[in-house]
Amino acid sequence: MKNFHLYFVIVYFLCQSGMGLSQSNYEIIYGSAQWHEIVSDVEECEPNRLLITGFKCIPNSNRYSGFLLKINETGELTDEYLFSHPDSSFFPIHMIEISDSIYVFGQKYVLLNDEKKFIWSFILDTALNIIKSTSYSLPASILDFGIQSVKFYDGNFILLMNVTTQEEPQFSDIGFFITNKNLDSISSMIDFREGNQLAFDFLKSFPTNYYKIFGRGNYPEAYPFYSELIKFDSNFNFISVDSIPWKLTDQFSAVQFKDTCYLLTGKKPVTNPAKFNVGLINLSNTDELIWKEQFGKTGDTNNYPGVSNNLSFIHANYIYLGGTSNFIALQYPWQQVDSWIMLNQFDSNLNLTFQNFYGGDAFYHLRGIQATNDGGCVMYATRFDENT
C-alpha cells in the first residue's frame, strides 16, 4: 500500500489596488514525508503576520498532534507550538484572537479511555505561551461530536456542534456549547428533534435575539437530505425550520454583510445534475433572497466551496470567496487528477473584481480563506501529489 501524504499550503495575496502597499505575495508549503499536515484556521495577529493552527499525524496512526504557527511578513516560520500529549490526540478546529489573547478550540481524544472525546480549549499570549487550558466532558449519552463553527457573541464563545448519541448512533443532532472569555463553561444544549440534522455554520440574528443555523436534514420516510435554515431562540430552544433559498447546499460560511443583510455560501447545482459551482447569495435579515450568483472554472469542472471559512472580508471593497475547482468527490482525499484553488474578489456592491485560479500541478483542496488588513487575503489548502 502506498504512503500518501497531505501537505498544507498557505498562499498570501496582497491586494495592492487602492491600498498604497507594495509587499509581494508569497506561498508557504509546510509538511514532511513522515506526516500528514492539515490547517484548520488562520488569524492575522499583527499587520502581515499570521497565526496558523491545525493538526498533523503519522499516516495510518490514531495519534494526532495540534500545532500553532506564527509566520512573519515575508512568509518565514518564526515560532511554533505543538499540542502533543502521549495519551491523547488533539484536533484544533477554530482560533480567535481577542485583545492579544489567542483562543484555540478543538476536540481531544483520550486514547487510554476508549477514545473518549472532550472539548479542549486554550488561551495563549502572543508569544505562544499557554495561559490556561480547559477540558470539558459532554453528557455521557453523547457518543461522538464534531465542532463545526465557533463565534464570539455578547462576551461569550458559542460552539456549534454535530453530535451522535448512544441511543441513536445512526442519527446526528445539532448541539451548542457556551463558554466565557475565561473558558468557564456556561451551558450546553442538544436539539433532539426527530430525524437526522447536520449543521455547517450559524449567525446571530439582529436586531432580534435568535440564532440561525445553516445545514441539512432528513426526516423519517423522507429522502434525500434537505438544505435547512433552522432558528433557535436566545436559550437555544428550537423555533422553526425552513428551506435555504436558491437550493444552496453545503452552506459552509455565513457572514453578516451589512446591518440589514448577510452572505451565505454553498454548493450550487447547475443544469447538468453532475455539475456544480460555488454559490453565493445575499439575504435580508428576514431571509429574503436579494442577490445570487455562482462561480467556477468553465467546462465540466466541478467547483466546491472551501470547507472551512470560504468567505471573508475586512474592507467593504475587498470581499473574498474561495473554492476548489476540478473537485472529484469519489477520489477525495487522494485525488489523482490535478485541481485548482479558485479565488474570487468582489467590491462592496458584490461586483466581481477578479477571478483567479492557482495550482493545476497536483490536487489542491481549499480549506479556508481569511481577509487581511492590507486588503489582501490568505488561502489555506491541502496539497496531494501522487507522484511524490
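Lys 117 counts as buried, at 12% relative accessibility. In this predicted model, the side chain of Lys 117 meets that of Asp 144 in a salt bridge, and Lys 117 also lies over the face of Phe 145. The briefing below begins with the charged side chains and then turns to aromatic rings, strand pairing and one buried loop residue.

**Salt bridges**

- The structure contains 11 salt bridges by the rule applied here.
- Asp 144 and Lys 117 approach to 3.0 Å, N to O, in their salt bridge. The two residues are 27 apart and belong to distant parts of the chain, with Asp 144 in strand β11 (residues 142-153) and Lys 117 in strand β9 (residues 116-124).
- The partners in this bridge differ in burial class: Lys 117 is buried at 12% relative accessibility, whereas Asp 144 is partly exposed at 33%.
- A salt bridge also joins the side chains of Asp 201 and Lys 151, with an N to O distance of 3.3 Å. It links distant parts of the chain, 50 residues apart: Asp 201 is in strand β15 (residues 196-205) and Lys 151 is in strand β11.
- Asp 201 is buried, with a relative accessible area of 5%, and Lys 151 is buried as well, with a value of 15%. Both residues are classed as buried because their relative accessible areas are under 20%.
- Asp 287 and Lys 231 form a further salt bridge through their side chains, at 3.2 Å, N to O. Because Asp 287 lies in the loop between β21 and β22 (289-295) and Lys 231 in strand β17 (residues 226-233), this pair ties together parts that are 56 residues apart in sequence.
- Asp 287 counts as buried, at 14% relative accessibility. Together with Lys 212 and Lys 231, Asp 287 is linked in a network of salt bridges.

**Aromatic rings and charges over rings**

- A search of the whole structure yields 34 aromatic pairs. One of them is formed by Phe 327 and Tyr 332, whose rings are tilted at 45 degrees between the planes, with 6.0 Å from centre to centre.
- Within that pair, Phe 327 is buried, with a relative accessible area of 8%, while Tyr 332 is partly exposed, with a relative accessible area of 38%.
- Ring pairs also connect a cluster made up of Tyr 153, Phe 176, Phe 202, Phe 206, Tyr 211, Phe 232, Phe 236 and Phe 238.
- Lys 117 lies over the face of Phe 145, at 5.0 Å from the ring centre. Lys 108 is placed over the face of Phe 118, at 5.5 Å from the ring centre.

**The open sheet β7 to β10**

- Four strands form an open sheet with antiparallel pairing, in the order β7-β8-β9-β10. Strands β7 (88-98) and β10 (130-136) are the edge strands, each pairing on one side only.
- From one strand to the next, the twist of this sheet averages 20 degrees.
- Strands β9 and β10 run antiparallel and are joined by six bridges. Trp 120 has Ser 135 in β10 as its bridge partner.

**Strands β19, β20 and β21**

- Strand β20 (residues 261-269) is largely enclosed by the rest of the structure, because eight of its nine residues are buried.
- Strand β19 (residues 254-258) pairs with β20 in the antiparallel sense over four bridges. The two strands form a hairpin, with two residues between them.
- Strand β21 (residues 276-284) also runs antiparallel to β20, and nine bridges join these two strands.
- Leu 264 in β20 stands opposite Ala 254, and its bridge partner in β21 is Ile 281.

**Leu 138 in the loop between β10 and β11**

- Leu 138 lies in the loop between β10 and β11. This loop residue is buried, with a relative accessible area of 10%.
- Residues up to four places away in sequence aside, Leu 138 touches Ile 119, Phe 145, Met 161 and Phe 177. Among these contacts is Phe 145, the residue whose ring face lies under Lys 117.
- Leu 138 and Val 39 are 99 residues apart along the chain, and their C-alpha atoms are separated by 25 Å.

How values were computed: Residues numbered from 1 in each chain as written. Predicted model: local features only at pLDDT ≥ 70, side-chain atom pairs only at ≥ 80, totals over all residues. Heavy atoms only, no water. Buried < 20%, exposed > 50% of the residue type's maximum accessible area, 1.4 Å probe, protein only. Pairing = 2+ DSSP bridges. Phe/Tyr/Trp six-rings, centres within 6.5 Å; stacked < 30°, edge-to-face > 60°. Lys NZ or Arg CZ within 6 Å of the ring centre and 35° of its normal. Salt bridge = Lys/Arg side-chain N within 4 Å of Asp/Glu carboxyl O. Axes fitted to C-alpha atoms, helices over the stretch in contact; angles between N-to-C directions. Contact = heavy atoms within 4.5 Å.
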